[in-house]
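Let's take a walk through this structure together, one piece at a time. Have the 3D view open and turn it as you read.

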Amino acid sequence: MAIVSMTVNGKAVTADIDPRTLLVQFLREHLRLTGTHVGCDTSQCGACVVHMNGAAVKACTTLALQADGAAVTTIEGLADGADLHPMQAAFREHHGLQCGYCTPGMIMTAVDMVNRLGGDLSEETIRAELEGNICRCTGYHNIVRAVETGAKAMAGGEPVRQAAE
Amino acid sequence: MTSTGIGAPVRRKEDQRFITGQGRYTDDLARPGQAHAAFVRSPYAHARIKSIDTSAAAAMPGVVAILTGDDLAADKIGGLICGWMIHSKDGTPMKAGPHPALAQGKVRYVGDQVAVVVAETLAQARDAAEAVEVDYEPLPAVVDTAKARGAGAVVHDEAPDNVVYEWHLGEKGATEAAFARAKHVTTLDITNNRLVPNPIETRAAIGEYDAGTGGYTLYTTSQNPHLARLVLSAFIGIAPEHQLRVIAPDVGGGFGSKIFIYAEETVCVWAAKKVGRPVKWTSDRTEAFLADAHGRDHVTRAQMAVDENGKIIGLRVHTVANLGAYLSTFSSSVPTYLYAPLLSGQYDIPAIYAEVDGVYTNTAPVDAYRGAGRPEATYVVERLVEVTARQLGMDPAKFRKKNYIKRFPHQTPVIMNYDIGDYAASLEKAMEIADVKGFGKRKRESAKRGKLRGMGYSSYIEACGIAPSQAVGSLGAGIGLWESAEVRVNPTGSIEVLTGSHSHGQGHETTFAQLVADRLGVPIETVNIVHGDTDKVQFGMGTYGSRSGAVGMSAISKAIDKVIAKGKKVAAYALEASEGDIEFEGGRFKVAGTDRSLAFGEVSLQAYIAHKFTGQDLEPGLKEGAFYDPTNFTFPAGVHICEVEIDPDTGVTRIDRFTAVDDFGVVINPMIVEGQVHGGIAQGVGQALMEGAIYDESGQLVTASYMDYQMPRAGDLPSFQVGMTSTPCPSNPLGIKGCGEAGAIAAPPAVMNAITDALGHEDIAMPATPRAVWHAVRRAAPAIAAE
Ligand code: FES
Ligand code: FES
């Protein structure tokens with residue numbers, strides 16, 4: 001067993017774990033943060049994407065011990081209380097999700113994309129940057145719209161307009 | 001139209017939990033004291049099990065139990081079933097071998113379940129599963145669809161030549177006569193590639209047993225929890241129906257693959273009692289590739305007969321359908337009744353004859369995958385139509401138009417009675433959006449850059465709203481295909497709708513609430529849709545075959561009618577008026593011709609306090625249920641146009657534009673419907689360009705991960721141009737036809753017609769990977785000649 005400590009969504013956590021525990025298992029099973037999903041076993045689908053020290057990582061291919069001392073943000077930590085993060089709001093506004101299973105990873109990847117590349121993203125860039133995230137439901141069309149809008153809102157432009165529920 | 005009513009692009013109610021990570025999928029659940037299951041799976045495609053030695057594994061840390069097929073047999077747990085009986089042309093019933101949930105004596109495909117290890121942790125269960133020693137005697141295996149009949153390997157003794165059935169539909173004599181007088185006959189040999197459905201949430205199950213009550217609970221990734229309960233109870237014999245609760249919480253996509261009742265959930269719920277703890281299993285992706293039911297896998301020779309006026313006069317099809325190693329829940333119906341009845345497409349074809357041989361092979365079971373039979377039929381028809389037009393030197397759009405069915409209702413020679421449609425309207429609209437006029441110019445521009453450009457049409461039709469119970473019963477289904485609903489109005493006027501449909505991405509929590517808000521004039525926020533739990537919801541049939549709108553919502557509509565009727569009675573008492581004078585409008589019960597009225601919430605309160613009811617003729621309460629059995633299939637139809645550009649140096653096909661115009665009848669939420677179209681097209685493009693499950697000769701699945709099986713990614717697809725036309729469905733109260741499968745049905749022939757147009761010949765099969773296209777570019781001569 002091994003001791004691991006990290007900050008997850010702003011909270012300090014420490015646990016004694018089997019050293020082969022993956023970060024995604026640590027989040028889902030030890031911390032019961034089940035918003036981060038697992039969709040494959042070859043690091044391809046991106047359902048598991050979280051931020052580690054501000055950068056997107058695939059939590060299925062990261063050992064929990066590799067995150068020792070790091071600050072981890074998961075989908076549960078993205079909203080500011082009841083206020084959705086602009087990227088979350090954009091996914092809802094543009095119907096960028098159907099079953100919702102790929103969605104946490106998509107949103108975390110999209111936020112990272114804007115952090116790295118800024119808010120003015122072309123469709124081509126967005127599609128290329130989503131290389132590591134697979135969605136089986138949406139055909140990506142509305143995910144691209146959502147990322148375009150969410151990126152602009154993050155960059156300080158228009159807030160995401162909320163239509164009626 | 002109100003901002004939340006029928007026809008409004010209402011943003012989804014369910015999204016809040018999904019975008020904040022608060023969804024609750026099966027694997028997100030942790031039951032107190034749960035143990036974890038790992039399956040020992042066959043590494044051979046076909047082998048006799050000589051012995052299973054569990055002693056080393058049982059001694060490993062954390063192991064709770066190891067169970068095999070012998071334990072299942074000792075507990076008299078029945079095998080998995082196929083719920084649709086198909087009879088061969090000679091009248092004999094299909095030849096089905098047994099399908100034990102854990103192998104008994106033999107394994108029949110790579111991934112077949114041999115034993116289950118239950119342990120304290122998943123890692124311990126997996127470690128111990130590796131240590132179970134199975135002594136196999138390998139047997140010859142058959143994997144190739146076309147070679148299955150009479151192969152050296154016999155998958156099941158019940159079907160000595162591996163043929164499950166030899167089925168047919170249509171008029172053989174009339175079709176032969178049509179071909180005899182034809183001016184032109186087109187012949188195509190077509191392979192419909194094997195696909196793996198791949199919802200991003202893999203299957204999972206938690207079985208639980210309550211020793212106090214004797215009741216079982218199964219949490220599982222199901223599109224139809226009631227059907228799962230019925231099969232697990234009545235056929236497999238786990239527990240009586242009333243002692244088994246099946247819960248399908250949030251489900252991360254299904255596309256058909258979560259309809260079926262599989263071995264793993266059966267084993268988890270059975271093992272829960274044996275070990276006295278909840279037993280949890282979650283498939284990993286490789287297991288999903290190996291053991292989820294696959295889709296398609298047809299080999300077909302198809303012919304079209306045309307007269308001297310360019311009129312289609314006959315269609316003849318012989319298909320061999322690979323059913324895999326066992327008959328999955330609905331597998332027998334997919335290449336038969338979900339396939340051949342769609343072979344008339346949108347065309348007036350007087351004579352059709354189809355023969356289908358279902359065969360066993362040493363591969364994973366094959367069953368319904370998005371579209372189920374209808375994509376295969378559409379691919380046959382639309383490739384034939386396109387090639388025929390080319391061979392006749394006719395414009396493919398004009399050839400289609402000439403042969404479209406124009407008068408409704410239209411009885412085809414293959415069962416279906418099309419109720420309504422306007423195929424030319426969709427074609428014209430699609431051609432306009434796709435800028436077909438500008439194609440020639442774009443093709444010349446591509447040529448200047450050394451690229452090949454092609455355009456392809458697909459005029460598809462599907463039969464949805466599955467289905468009238470009497471009709472499917474007469475065709476061999478073991479179930480009826482109605483749907484149920486209960487509308488439960490609370491004293492305060494808020495509403496729960498309990499539906500037998502199941503949502504795994506379709507957005508029912510929003511669209512069903514839209515219907516209720518629209519009809520009852522209540523705020524959409526006060527309507528809650530409840531589904532996926534057999535203890536809460538009355539028996540229902542679940543979601544597949546684009547049936548939840550046409551059938552599921554029709555049931556809700558019927559129940560709403562009853563709520564309004566009862567509400568009028570209540571209002572009559574409360575307003576001291578006669579029932580015949582009460583009108584319901586805009587969410588208020590009014591006395592006609594007066595200004596006296598009550599809001600919906602006031603009437604619901606009156607219904608529950610019942611203070612004004614006199615005598616026994618009106619019961620308190622406001623809750624109504626309905627079962628809706630459709631009177632016909634629904635027939636969504638449309639035209640998709642694909643335009644591709646091929647780089648002859650690399651073989652890479654780029655989809656330059658993809659246009660879809662669909663007639664889904666009445667649309668409840670256009671935003672959600674368009675999303676369904678997008679997703680369907682992506683899966684159809686996936687089939688055409690990249691997806692394919694490949695078994696090697698020994699029966700190893702060589703495409704068992706996302707490294708080997710190419711899923712469509714964002715960069716592989718363009719944005720889609722989606723339009724709609726509408727002829728409301730006359731057979732259900734809402735006019736809905738259904739939209740879930742259209743894209744997956746329409747897209748493959750549109751893409752392949754575009755690629756073959758660019759290549760200038762027909763000699764290429766799906767998936768048209770860069771390698772396949774690169775070779776095809778270098779094969780100049782057309783391989784398929786007119787007869
Ligand atoms: S689960 Fe991490 S990439 Fe698929
Ligand atoms: S929304 Fe279902 S996988 Fe993306």
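Start where chain B and chain A meet: in this predicted model, 32 residue pairs are in polar contact across that interface, counting pairs with both residues at pLDDT 80 or more. Which elements of chain B give two or more residues to the side that touches chain A? They are helix 1 (15–19), helix 4 (122–131), helix 8 (285–291) and helix 17 (670–689) of chain B. Helix 17 of chain B gives the most, with eight residues. Sorted by class, this side of chain B has 27 nonpolar, 20 polar and 14 charged residues.

Now zoom out a little to see the whole contact. Chain B brings 61 residues to it, and chain A brings 49 residues. How do people put a size on something like this? The accessible area lost when the parts come together is a figure often given for an interface. Here, chain B and chain A bury about 4,500 Å² between them, and 53% of that is on carbon and sulfur atoms.

Charged side chains join in too. There are five salt bridges between chain B and chain A, while the count over all chains comes to 57. Try finding one of them: Arg20(A) pairs with Asp127(B), and their closest N and O atoms are 3.1 Å apart. Why does this pair join two chains? Asp127(B) sits in helix 4 of chain B, whereas Arg20(A) sits in the loop between strand 2 (11–17) and helix 1 (23–30) of chain A, so the salt bridge links one chain to the other. Remember that helix 4 is also among the elements listed for the side of chain B that touches chain A.

Next, follow chain A by itself. Chain A has five helices and five strands, and if you trace them along the sequence you get the pattern β-β-α-β-β-β-α-α-α-α. Its C-alpha trace spans about 50 × 30 × 30 Å along the principal axes. What radius of gyration would a compact globule with 165 residues have? It would be near 15 Å, and chain A has 16 Å, so chain A agrees with that expectation.

Finally, swing over to chain B. The domain assignment gives domain 1 (31–139 + 201–252 + 258–291), domain 2 (141–193 + 295–418), domain 3 (419–462 + 633–787) and domain 4 (482–628). To get a feel for the layout, look for domain 2 and domain 4 of chain B: their C-alpha centres lie 44 Å apart.

Methods:
Residues numbered from 1 in each chain as written. Chains lettered and ligands numbered in written order. Predicted model: local features only at pLDDT ≥ 70, side-chain atom pairs only at ≥ 80, totals over all residues. Heavy atoms only, no water. Contact = heavy atoms within 4.5 Å. Buried area = accessible area lost by both parts, 1.4 Å probe. Salt bridge = Lys/Arg side-chain N within 4 Å of Asp/Glu carboxyl O. Polar contact = N/O pair within 3.5 Å; in protein donor to acceptor, adjacent residues only side chain to side chain. Helix = DSSP H or I, 4+ residues; strand = E, 2+ residues; numbered from the N terminus. Nonpolar A, V, L, I, M, F, W, Y, C, P; charged D, E, K, R; others polar. Domains from an automatic or database assignment. Rg over C-alpha atoms; globule rule 2.2 N^0.38 Å.
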